[in-house]
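User: Please take a close look at a single part of this structure, and work outward from it to the parts that surround it. I would like one connected account, with the geometry and the burial kept together.

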Amino acid sequence: MEEWANIPTTVCGNLVKTYRKRLTSVIANKGYITKFLKQHRYACYLIAVGLDGLSCLFLPILRCFELLVPFSVTFGYFDGAYVALIPVVTGDVVGTSSLSSALGAVFFLHAVPYLVSPPISGLLVDTTGNYTAAFLLSGFSMIFCAFLLAFAKLVQRLKRKRLAMTVPTSDTKQEIWTNGDLTSPASEECNHGEV
């Protein structure tokens, strides 16, 4: 209670008075950020995975509490970001029709490292005598996964570009509808009203 008593009433009054203006500016700017993140969710996912791995690489040199706090914040932020983006990116890759089975497969594959990494890390700690090798393995594997996913996206774009070059320029729906002819005798009869 003593801390609240030290705050001047004018500061509280100004906060309440300018609340509406602050709220409208946040709402006005929210649309841009949401549009940007929606367009670049795959890139946000790759960045989150890569920076999560990068923060693991710095862990062996962080020896005091003051350095571990920023590590905990950055690792937690990027880990939460990539875990939250897993369903979104999976939906973008496979579509909504097979999203449930794809999410099951993704989360199963996501669980395999959780099952396998503790014994491997324990073996590395027993062999080396410290945790440095375990942290480095964790960090490098996440960075490798980010590069692997970026390479997969690049291959997908190249295939899509190559496919776009091989598709004929005519509209296939128009050809199917008119049986390949630009003007069909049946459609001319219907237009003239001689049915």
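Analyst: Helices here are DSSP runs of H or I with at least four residues, strands are runs of E with at least two, and both are numbered from the N terminus. The model is predicted, and read along the sequence in those terms it follows the pattern α-α-α-α-α-α-α-α-α, which comes to nine helices and zero strands. The part taken up here is helix 6, which covers residues 99-128.

The overall setting comes before the detail. Of the 195 residues of the protein, 16% count as buried, where buried means under 20% relative accessible area. The protein exposes about 15600 Å², and carbon and sulfur atoms supply 68% of that area. Among the contacts with a sequence separation of 6 or more, 62% join residues that are 24 or more positions apart.

Helix 6 itself has 30 residues, and the distance from its first C-alpha to its last is 43 Å, close to the 44 Å expected at 1.5 Å a residue. That end-to-end figure should be read together with the local geometry: helix 6 bends by about 35° at S117, and a proline, P118, follows within four residues. Beyond its end, G129 comes just after helix 6 and takes a positive phi of about 90°.

Which residues of helix 6 are buried? They are A102, L103, H110 and V125, and what covers them includes helix 5, residues 65-94. H110, which is found in helix 6, gives this packing a concrete example. Leaving aside its neighbours within four places in sequence, H110 is in contact with Y82 and I86. The C-alpha atoms of H110 and I86 are 9.9 Å apart in space, while the two residues are 24 apart in sequence.

The exposed side of the account concerns a nonpolar surface patch of about 670 Å², made by F108, L109, V112, L115, V116, I120 and L137. Six residues of this patch come from helix 6, and that is its largest share. An α-helix has 3.6 residues a turn, so residues three or four places apart point the same way. One member of the patch, F108, lies in helix 6, and F108 counts as exposed because its relative accessibility is 56%, with the cut-off for exposed set at over 50%.

From helix 6 the description can pass to helix 7, residues 132-166, whose buried residues pack against helix 4, helix 5 and helix 6. Those buried residues are A134, G139, M142, I143 and A146. Helix 7 has 35 residues, and its end C-alpha atoms lie 51 Å apart, close to the 51 Å expected at 1.5 Å a residue. C145 also has its place in helix 7, but with a relative accessible area of 37% it is partly exposed. C145 and G53 are 92 residues apart in sequence, yet their C-alpha atoms are 9.3 Å apart in space.

G53 leads on to helix 4, where Y42, Y45, L46, A48, V49, G50, D52, G53, S55, C56 and L57 are buried. These residues pack against helix 5 and helix 7. The 18 residues of helix 4 should span 26 Å at 1.5 Å a residue, and the 26 Å between its end C-alpha atoms agrees with that. S55, which is found in helix 4, counts as buried because its relative accessible area is 7%. Not counting residues up to four places away in sequence, S55 touches F71, T74 and F75.

Helix 5, which helps to cover the buried residues of helix 6, is also joined to helix 4 by a charged pair. Side chains of opposite charge can pair when their charged atoms come close. The count of salt bridges comes to one, and it is formed by D92 with R41, the closest N and O atoms being 2.8 Å apart. D92 lies in helix 5 and R41 in helix 4 (residues 41-58), so the pair ties together parts that are 51 residues apart in sequence. Both ends of the pair are partly exposed, D92 with a relative accessible area of 45% and R41 at 23% relative accessibility.

To return to helix 6, the picture joins a bend of about 35° at S117, four named buried residues, A102, L103, H110 and V125, and the largest share of the nonpolar patch.

Technical notes: Residues numbered from 1 in each chain as written. Predicted model: local features only at pLDDT ≥ 70, side-chain atom pairs only at ≥ 80, totals over all residues. Heavy atoms only, no water. Expected span 1.5 Å × (residues − 1). Bend = angle between axes of the 7 residues up to and from the residue. Buried < 20%, exposed > 50% of the residue type's maximum accessible area, 1.4 Å probe, protein only. Contact = heavy atoms within 4.5 Å. Patch = residues over 30% accessible without salt bridge, like charges linked within 9 Å, V, L, I, M, F, W, Y side chains within 5 Å. Areas by Shrake-Rupley, 256 points an atom, 1.4 Å probe, with all protein chains shown as cover. Salt bridge = Lys/Arg side-chain N within 4 Å of Asp/Glu carboxyl O.
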